[in-house]
Amino acid sequence: MLLEVERLEASYGASQALFGVDLAVSEGEVVALMGRNGMGKTTTIRAVCNLTPPHGGAVRFAGEPLRGMAAHRVARLGIGLVPEGRRCFPNLTVAENLVAAARPGKWDFAAVTALFPRLAERRGQMANTLSGGEQQMLAIGRALMTNPRLLILDEATEGLAPVIRHDIWAAIRNLKQGGESILIVDKTLPELLPVADRCTVLENGRTVWTGRPAELGTDIQNRYLGV
Ligand code: ATP
């Protein structure tokens, strides 16, 4: 198992957000982390990466316990996070943003710009002059440049123009075909479910269901996803 999360608990100050999240991603698997707004998806991701350090439960990555480890060390172990609201260096060019993130491996400038040709076209442009969707592509490209063993995408297509969303989903399908291990949060179920090998559903900070997309019946969707 690449990522194993057991009974994870986390809080913001006195306010507890996670009460027992169980989640697993195996090598080469795409897992969709689902649930209505405020159910704990982003907090789970932050807790896995120790950006919001958990106070209960266990997280192991490739067998190594992550709890208590500094967030930058978690990243170096091979977790590539594309956080909600995408972060790039605004005053660096596209190429500089990508190169600044680089670590050795198959994902280099050529591979990332082959996945996102728009980034090749805009390689000399400052990141802050890109459209929102192009910035999202750059954020995913930066995460890939670190050659992560696990890519985490938190709402990577939210609020983007339809054409760009289409391109980003195509890239995600390419990543899946290439055998990348991915944990993904996204509200667009018609795009999300076909790429997911497994779904884990959260309700009020707890895992309430996990299974294959084909098993995600309308009862579960109505009860936990408000579909
Ligand atoms: P969304 O789809 O809206 O992003 P989510 O499933 O990712 O939702 P979280 O953002 O993880 O949910 O929120 C889980 C709970 O933690 C919610 O009750 C939320 O209000 C609370 N929460 C999130 N961020 C903070 C914060 N910075 N400070 C305090 N409470 C927070």
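Okay, a bit of bookkeeping before we start: I'm counting Ala, Val, Leu, Ile, Met, Phe, Trp, Tyr, Cys and Pro as nonpolar, Asp, Glu, Lys and Arg as charged, and the others, Gly among them, as polar. With that split, the shell around the ligand has 3 nonpolar, 5 polar and 5 charged residues. And keep in mind that this is a predicted model.

So, who sits around the ligand? There are 13 residues, and the ones that come nearest are Gly38, Gly40, Lys41, Thr42 and Thr43. Helix α1 gives the most to that shell, with 3 residues.

Now the polar contacts with ligand oxygens. Thr43 puts a polar side-chain atom 2.5 Å from one oxygen atom. Met39 uses its backbone, with an N or O atom 3.2 Å from a ligand oxygen. From further along the chain, Lys187 has a polar side-chain atom 3.4 Å from an oxygen of the ligand. On its own the ligand would expose 630 Å², and the protein buries 60% of that.

Back to α1, residues 41–48. Of its 8 residues, 6 are buried, so the helix is largely enclosed by the rest of the structure. Those are Lys41, Thr43, Thr44, Ile45, Ala47 and Val48. After the helix comes Asn50, with a positive phi near 65°.

Last thing, the packing. The largest nonpolar core has 48 residues, with Met34, Leu153 and Ile184 making the most contacts inside it. Helix α6, residues 132–145, supplies the largest share, 7 residues. There's also a second, separate core of 27 residues, and Val48 is in that one, along with others including Val5, Val25 and Met69.

Note on methods. Residues are numbered from 1 along each chain as its sequence is written. This is a predicted model: local features need pLDDT of at least 70, side-chain atom pairs count only at pLDDT 80 or more; totals for chains, interfaces and linings use all residues. Side-chain values use heavy atoms; hydrogens and water are left out. Buried means under 20% relative accessible area, exposed over 50%, partly exposed in between (1.4 Å probe, protein chains only). Helices (H or I, at least four residues) and strands (E, at least two) are DSSP runs, numbered from the N terminus. A nonpolar core is a set of buried Ala, Val, Leu, Ile, Met, Phe, Trp, Tyr and Cys residues joined through side-chain atoms within 4.5 Å. A residue is near a molecule or strand if one of its heavy atoms lies within 4 Å of it. A polar contact is a pair of N or O atoms within 3.5 Å; within protein, one must be able to donate a hydrogen and the other to accept it, and residues adjacent in sequence count only if both atoms are side-chain atoms. Accessible areas come from the Shrake-Rupley method with a 1.4 Å probe; for residues, only the protein chains shown count as cover.
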